[in-house]
Amino acid sequence: MIQKPRGTRDFIADSALLREQITSAFILFAQNMGYKPCQPPTFEGVGLFKRAVGESSDIVQKELFYLKGDEEKYALRPELTAGVVRALVEKGIKSMPKPVNTYTLGNVYRYEKPQKGRYREFTQFDLNSFGEQNAFSDAYLIANIYSLLKKIIGSDVKIFLNTLGSPKTKQKFANELTDAIGKNTDKLCPDCKLRVASNPLRVLDCKLGCKDEIGDIPQISDYLSDDEKKYLDTVVAFLKDNGVNFEVDDTLMRGLDYYTSLVFEITMPDDSSRSAVLAGGGRFDGLVAQLDGPDVGAIGVGLGLDRIVENIKRREVKQKCEYIICPVSEEYSKSAYKIALQLNQKSKSARVSTAYNLKTSLSDAVKGDCQYVVIAGEETKNNEVIIRDLKKNSQEEVSIDEL
Ligand code: AMP
């Protein structure tokens, strides 16, 4: 038997339905905020990911799925933002009215060691906003995502928040951190040993806890300018005012190179080590220019559908069912399918039960939460059917055209 590739999953019936219902909620949420869809391709030139995510990031170093290309090497996208920015730059973001607010839903691919919550193919939902740079709009986005996740999951979630300051501040802090790590480099994990040279900030974010080996860690807050501090304070005050469960964590750095200024991660409240982050994001003010576009600031968030689904409390999914059409015998099958066709053409949900046994069909209808049972028998010869309303507990004979 041929089996699915490692790190992938099949979603069939209810599990797929649940995912569809959540993605519909994502899309409705984004559209209510005035965001518009942006759908870049699933694979891009490898150079894009190297420049955007960072040549030395784990994602580029270890996790890209390569594809054969004609001239350039391609890779399946390991995240969505790089493709969105590339697409907007190519389309001329410079002359678009700002802010440019986009949402993107799609599968992404990372060649990771598969385990629960960590797959090789998974689904992200991204919101990205370009050309607006104020603390209130950033805090509004975070507060909104918080409410959305709470509603979908059915319990509280928690936001961890930090600021990396401007690229200059980030660089100054990185230099200090490199010095602080100094003679303790030997105690770090093999990945972090390499990170010291390429992006020392990632050592603080190491899931193996390498930051505990450093000794005295410099604090990012000591390097922030007054404006950068004020910006974080404004975000914090807005989140407090609006009942968001959050904590400022000045060791939060994120694994992708393009973040500057505000960064955040969202987890279940009991996941203090942030081992299964549900969503993460932050500002990436330099990325558009870095990918040959204009100097446009941006903020984005990526929600991981798979981890969100795994934490949902109420997993009951119901597919809409209005009508169940029950031919009393095979002789009335043709009429039953014709009635179903007419209802479907009117955008009503209807299906035929071929049990030819009213008791079985009725119990099917009750289980499927169907409201109407249409009995197709002798009456269809006069273009009529018996319709039973299970919610009102009533029954009448009606003309088929009235359904
Ligand atoms: P990242 O781009 O790494 O910030 O990831 C954004 C979100 O995608 C995370 O918060 C997770 O919810 C989800 N995610 C990341 N990697 C995986 C994976 N291998 N499998 C499933 N979900 C993932």
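**Helix packing, ligand shell and backbone geometry in a predicted model**

The buried residues of helix α2 are covered by a set of elements that includes β2 (43-45), α3 (58-62), β4 (74-76), α4 and α10 (287-290). In this predicted model, helix α2 spans residues 46-53, and the residues in question are Leu48, Phe49, Ala52 and Val53. Because these residues cover an arc of only 90° around the axis, they are placed on the same side of α2. Just after the helix, the backbone at Gly54 adopts a positive phi of about 120°.

At the level of the whole chain, the protein is divided into domain 1, which is made up of the two segments 14-165 and 224-310, and domain 2, which covers residues 323-402. The C-alpha centres of domain 1 and domain 2 are separated by 47 Å.

The ligand is surrounded by 17 residues, of which Phe122, Val277, Gly280, Gly302 and Gly304 come nearest. Two or more residues of this shell are contributed by each of the strands β6 (121-130), β10 (279-283) and β11 (298-304), and likewise by helix α11 (305-310). When the residues of the shell are sorted by class, 5 are nonpolar, 6 are polar and 6 are charged.

Several features of the backbone may be set against a general background, namely that most residues other than glycine have a negative phi and that most peptide bonds are trans. The peptide bond from Lys98 to Pro99 is cis, its omega being near -5°, and Pro99 is located in the loop that runs between α4 (81-91) and β5 (100-109). Helix α4, which precedes this loop, is also among the elements that cover the buried residues of α2.

Positive phi values also occur in residues that are not glycine. Ala13, which has a phi near 50°, is found in the segment before α1 (14-32). With 9 other C-beta atoms within 10 Å, Ala13 is exposed, because a residue counts as exposed when 12 or fewer such atoms lie within that distance. A second case is provided by Ser347, where phi is positive at about 65°; this residue belongs to the loop between α12 (333-345) and β13 (350-352). Ser347 has 6 C-beta neighbours inside 10 Å and therefore likewise counts as exposed. Thus a positive phi is found at Ala13 in the segment before α1, and at Ser347 in the loop that follows α12.

Conventions: Residues numbered from 1 in each chain as written. Predicted model: local features only at pLDDT ≥ 70, side-chain atom pairs only at ≥ 80, totals over all residues. Domains from an automatic or database assignment. Near = placed C-beta within 6 Å. Helix = DSSP H or I, 4+ residues; strand = E, 2+ residues; numbered from the N terminus. Nonpolar A, V, L, I, M, F, W, Y, C, P; charged D, E, K, R; others polar. Buried ≥ 20, exposed ≤ 12 C-beta atoms within 10 Å, placed from the backbone. Arc of directions from axis to C-beta. Contact = placed C-beta atoms within 7 Å.
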